[in-house]
Amino acid sequence: MTKLKIIKYPDPFLKQKCLPVTSYDKELKIFAEDMLKIMYESKGIGLSAIQVGVLKRVIVIDISEELKKPLILVNPVINPSSSKFLDFKEGCLSFPGIYESVRRNEEIALDYNSIEGKKLSMKATGLLSICIQHEVDHLEGIVFLDRLSGLKRNRAEKKFLKNLSK
C-alpha cells in the first residue's frame, strides 16, 4: 500500500499550478509507481501529482480494460489538433460521486517527457484525449467543475459538499 492520499475538493491545494520536473531519477520513478498504485486502488483511470499533494507536472493514466497499460506523462503540453469537440460525462478522484458533462477537444497533440526524461510526442483521441486534458488541467490548478457553466458548477458543488457532510 502506498503512503500517498488523494486530496479532496474543496482543499485549496488543488488550485495551485504545478512546477516542471527537472530531475529524472529513481525517486521520480518510485513516485510515479505510487501514483499508479493509488489510482488503481481508487478505481480511477487518471491521476495528477497535485491530487496527491505534490506540485510536480506528472500524470498517470490507464484507460485499458485490463488496467495493464499505464501511461506516465512528465511535463505534458497539450496542443489541440482539431476544432471538433466532445461532451463527455467526467468524474474525478478528488470529487468522489460527482459526474458532469464537460466539453473537450476531440483530438489533441501532446508533447511530454518519459519517466526517463526522453522527449516524446503523441496524438490522442476519444477517452484518452479527454483523460489527458482533464489531468493536465489539474496541473494548471483547474478542476473539472471550472469547465462548467456557473449554474451547473454551483449545482454540482452543492451536491458534492452535501455528500461530504453525510
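This text leads the reader from the nonpolar interior of the structure, through its aromatic rings and two buried polar residues, to its surface. The model is predicted.

We begin with the interior. The largest nonpolar core has 29 residues, and those that touch the most other members are Phe 95, Ile 132 and Leu 145. Five elements each give two or more residues to this core: the strands β2, β6 (107–113) and β7 (119–125), together with the helices α2 (126–139) and α3 (150–164). The largest share comes from α2, which supplies five residues. A second core is separate from this one; it has 18 residues, including Leu 28, Phe 31, Met 35 and Val 60.

Ile 132 gives a closer view of the packing. When neighbours within four places in sequence are left aside, Ile 132 is in contact with Ile 59, Ile 61, Leu 73, Ile 78, Ile 108, Leu 110, Met 122 and Ala 124.

The aromatic rings come next. The structure contains four aromatic pairs. In one of them, Tyr 9 and Phe 95 have ring centres 4.6 Å apart and planes at 25°; because planes under 30 degrees apart count as stacked, this pair is stacked. Tyr 9 belongs to the segment before α1 (26–41), whereas Phe 95 belongs to the loop between β4 (85–90) and β5 (100–105), so the pair ties together parts that are 86 residues apart in sequence. Tyr 9 has 14% relative accessibility and therefore counts as buried, since the cut-off for buried is under 20%. Phe 95, at 0% relative accessibility, counts as buried too.

Phe 95 also pairs with Phe 144. Here the ring centres are 5.3 Å apart and the planes stand at 90°, so the pair of Phe 95 and Phe 144 is edge-to-face. Phe 144 lies in the loop between α2 and α3, and Phe 95 in the loop between β4 and β5; the pair therefore ties together parts that are 49 residues apart in sequence. With a relative accessible area of 1%, Phe 144 is buried. Ring pairs link Tyr 9, Phe 95, Phe 144 and Phe 160 into a cluster.

Two further residues deserve attention. Ser 48 is placed in strand β1 (residues 46–48) and counts as buried, at 0% relative accessibility. Apart from residues up to four places away in sequence, Ser 48 touches Met 35, Val 58, Ile 59, Glu 135, His 138 and Leu 139. Gln 51 is found in the loop between β1 and β2, and its relative accessibility of 1% means that Gln 51 counts as buried. Beyond neighbours within four places in sequence, the contacts of Gln 51 include Lys 5, Ile 6, Ile 7, Leu 14, Cys 92, Leu 93 and Ser 94. Glu 135 and His 138 are in contact with Gln 51, and Ser 48 touches these two residues as well.

Finally, we turn to the surface. Ile 45, Ile 63, Phe 88 and Leu 127 make a nonpolar surface patch of about 280 Å². One of these residues, Ile 63, lies in the loop between β2 (58–61) and β3 (71–80). Its relative accessibility is 34%, so Ile 63 counts as partly exposed.

Key
Residues are numbered from 1 along each chain as its sequence is written. This is a predicted model: local features need pLDDT of at least 70, side-chain atom pairs count only at pLDDT 80 or more; totals for chains, interfaces and linings use all residues. Side-chain values use heavy atoms; hydrogens and water are left out. Patches are made of residues with over 30% relative accessible area and no salt bridge: like charges are joined within 9 Å, nonpolar side chains (Val, Leu, Ile, Met, Phe, Trp, Tyr) within 5 Å. Accessible areas come from the Shrake-Rupley method with a 1.4 Å probe; for residues, only the protein chains shown count as cover. A salt bridge is a side-chain nitrogen of Lys or Arg within 4 Å of a carboxyl oxygen of Asp or Glu. Helices (H or I, at least four residues) and strands (E, at least two) are DSSP runs, numbered from the N terminus. Buried means under 20% relative accessible area, exposed over 50%, partly exposed in between (1.4 Å probe, protein chains only). A nonpolar core is a set of buried Ala, Val, Leu, Ile, Met, Phe, Trp, Tyr and Cys residues joined through side-chain atoms within 4.5 Å. Contact means heavy atoms within 4.5 Å. Rings of Phe, Tyr and Trp (its six-membered ring) pair if their centres lie within 6.5 Å; planes under 30 degrees apart count as stacked, over 60 as edge-to-face and the rest as tilted.
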